[in-house]
Amino acid sequence: MNSTIGDIDNHPEYAGSDESDVDDARDATICVVGLGYVGLPLAVGFDQEGYSVVGFDVDDGKVETLRDGTDTTGDLGDDAIAESEITYTTDPGEIARADYVMIAVPTPVDDHQQPNLEFVDAAGRTVGEHLSSDTTVVLESTVFPGATREVLVPAMEATSGLTCGEDFFVGYSPERATPGDPEHGLRDVVKVVGGQDDEVRDDVADLYESVIDAGVHRAESMEVAEACKVVENVQRDLNIALVNELAMAFHSMDLDLDTRAVLEASATKWNFHYYRPGLVGGHCIPVDPYFLVHRSKQDGFVPQLVEQAREVNEEMPEHVADMTIKALNQAGKPLRDSRVLLLGLTYKPDVADIRTSKVDGIVEGLREFDVEVVGHDPHGDDDAMRSTFGIDVQADVSFTDFDGVVLATPHSEFYDVDLDAAADAMADDPALVDVVGALDPDAVEDAGFTYRRV
């Protein structure tokens with residue numbers, strides 16, 4: 001097994017050793033397979049620590065853009081890419097150079113909410129075709145417990161002719177950084193590491209410790225590491241589902257109950273955990289629970305609470321559309337003649353990614369009542385948003401002649417909107433639905449809006 005990283009950090013006799021010892025710890029070549037929001041920061045992180053890094057991706061355009069020094073994620077900055085010495089390539093033959101291969105490919109769910117691991121299988125087969133003996137392969141993609149052994153290993157063995165545990169080794173370390181969050185990037189979040197055995201785990205953990213400032217947690221097994229990633233987001237999904245269902249319940253009561261006012265009052269108790277209602281989009285929270293459900297059902301147990309939480313959160317876009325319809329009605333707007341401006345189309349604030357955004361459900365709900373919907377997002381690609389959501393998209397925001405506004409994704413730019421000017425530009429008696437409660441209710445109502453928040 002690779003021992004290039006060695007045990008320098010674990011042996012006090014190496015403390016204060018000369019520069020050659022440090023250089024020896026950087027002799028390993030790292031290949032990162034998949035240069036998306038997970039893989040690219042990983043490649044850059046290892047490069048910044050002095051490793052020889054190969055960044056492999058099947059997307060010719062992405063690789064060419066990276067070679068030109070442009071950050072394809074928007075999180076790292078062009079300087080980090082331009083200053084790196086990473087070998088960006090679409091040539092799988094470069095994988096053979098690696099002592100360690102990190103696989104960071106998408107793991108979505110299909111239309112039936114079943115885990116789709118075809119990218120893991122394809123990556124495993126590609127890596128296997130070019131795998132050198134004594135290489136350690138680490139999967140970073142989110143999978144169900146057991147998938148590294150059950151899916152990745154057979155794929156690599158099938159094309160390499162090598163045997164796992166004898167000729168190559170595997171580990172699992174789930175990605176945990178948050179795109180668009182500078183305080184929770186690669187270096188700032190504890191890395192969980194599991195291996196096919198303790199020796200592999202410790203070797204991989206030593207490797208990650210050289211780039212992770214927050215430290216490394218050595219998991220009992222690969223399966224524990226796989227499960228922990230899924231459980232992190234199952235927990236968040238359940239908690240958000242609770243407050244979303246509370247919001248729906250309060251809105252159904254003829255009591256004028258404000259959900260956030262209730263939650264703020266409840267949060268005055270020391271042991272209350274404060275979650276806010278809203279849309280649950282992205283590549284983790286609305287996806288990972290299905291991995292747990294899938295694997296659990298294989299062994300005959302149905303995790304009903306996890307499934308019900310998913311159902312509640314999937315209802316939220318329709319609930320927001322219903323709130324908007326009621327707000328327009330209250331403002332005296334004929335629905336068939338109403339125009340609504342949807343602000344924020346990406347899945348979370350201050351990122352450009354529209355994949356798995358839940359605003360499409362709001363669009364569909366409004367269209368059922370023949371409401372015209374126009375979108376604006378300062379971060380998303382206009383053409384991609386037009387194609388994905390099937391609506392007109394403004395390049396520059398204009399409130400002129402709209403009857404209502406839905407603030408769906410609260411990008412930082414929207415906090416500076418002049419509410420008085422927006423209301424003046426809109427039709428008489430405009431409505432505003434603030435999905436996450438980003439705006440001050442008094443300021444919105446003083447500007448002349450009929451105001452609603454989830």
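## Two sheets, a helix pair and a pocket

Let's start with one small detail: Val54 stands opposite Thr87 in β3. Keep in mind that this is a predicted model, so everything below describes a prediction.

Where does that pair fit in? Val54 sits in strand β2, which covers residues 52-56 and runs parallel to β3. Both belong to an open sheet of eight strands, and reading across it you meet them in the order β3-β2-β1-β4-β5-β6-β7-β8, with mixed pairing. The edges are taken by β3 (87-89) and β8 (216-218); each has a single partner strand, so one side of each is left without a neighbour in the sheet. Going from one strand to the next, the twist averages 25 degrees.

There's also an open sheet of six strands, ordered β11-β10-β9-β12-β13-β14, and here the pairing is parallel. Its edge strands, β11 (392-394) and β14, pair on one side only. Neighbouring strands in this sheet are turned by 20 degrees against each other on average, direction ignored. Helix α12 (residues 359-367) packs on this sheet, touching β9 (339-343) and β10, and its direction makes about 175 degrees with that of β9. In the pairing of β10 with β11, His376 has Gln394 as its bridge partner.

Here is one strand pair from each sheet:

| Strand | Partner | Bridges | Direction |
|---|---|---|---|
| β2 (residues 52-56) | β3 | three bridges | parallel |
| β10 (residues 372-376) | β11 | three bridges | parallel |

Now for the helices. Helix α10 (residues 288-298) and helix α11 (residues 304-330) have axes that come within 10 Å and cross at roughly 145 degrees. The crossing is left-handed. Which residues meet there? From α10 come Pro289, Tyr290, Leu292, Val293 and Lys297, and from α11 come Val306, Glu307, Arg310 and Glu314. Sorted by class, that contact has five nonpolar and four charged residues, with no polar ones.

Helix α11 turns up again at the second largest pocket, where it gives the most to the lining, with six residues. This pocket has a volume of about 530 Å³. It is lined by 19 residues, and nearest its centre lie His251, Asp256, Leu257, Arg452 and Arg453. The elements giving two or more residues to the lining are α8 (222-252), α11, α15 (441-446) and β14 (450-453). So what is the mix by class in this lining? There are seven nonpolar, five polar and seven charged residues.

Terms used
Residues numbered from 1 in each chain as written. Predicted model: local features only at pLDDT ≥ 70, side-chain atom pairs only at ≥ 80, totals over all residues. Heavy atoms only, no water. Pairing = 2+ DSSP bridges. Helix = DSSP H or I, 4+ residues; strand = E, 2+ residues; numbered from the N terminus. Axes fitted to C-alpha atoms, helices over the stretch in contact; angles between N-to-C directions. Left-handed = near helix turned anticlockwise from the far one by under 90°. Contact = heavy atoms within 4.5 Å. Nonpolar A, V, L, I, M, F, W, Y, C, P; charged D, E, K, R; others polar. 1 Å grid on protein atoms, 1.4 Å probe; cavity = no way out; pocket = protein on both sides within 12 Å on 5 of 7 lines; lining within 4 Å. Points joined across faces, edges and corners; volume = space filled by probe spheres on them.
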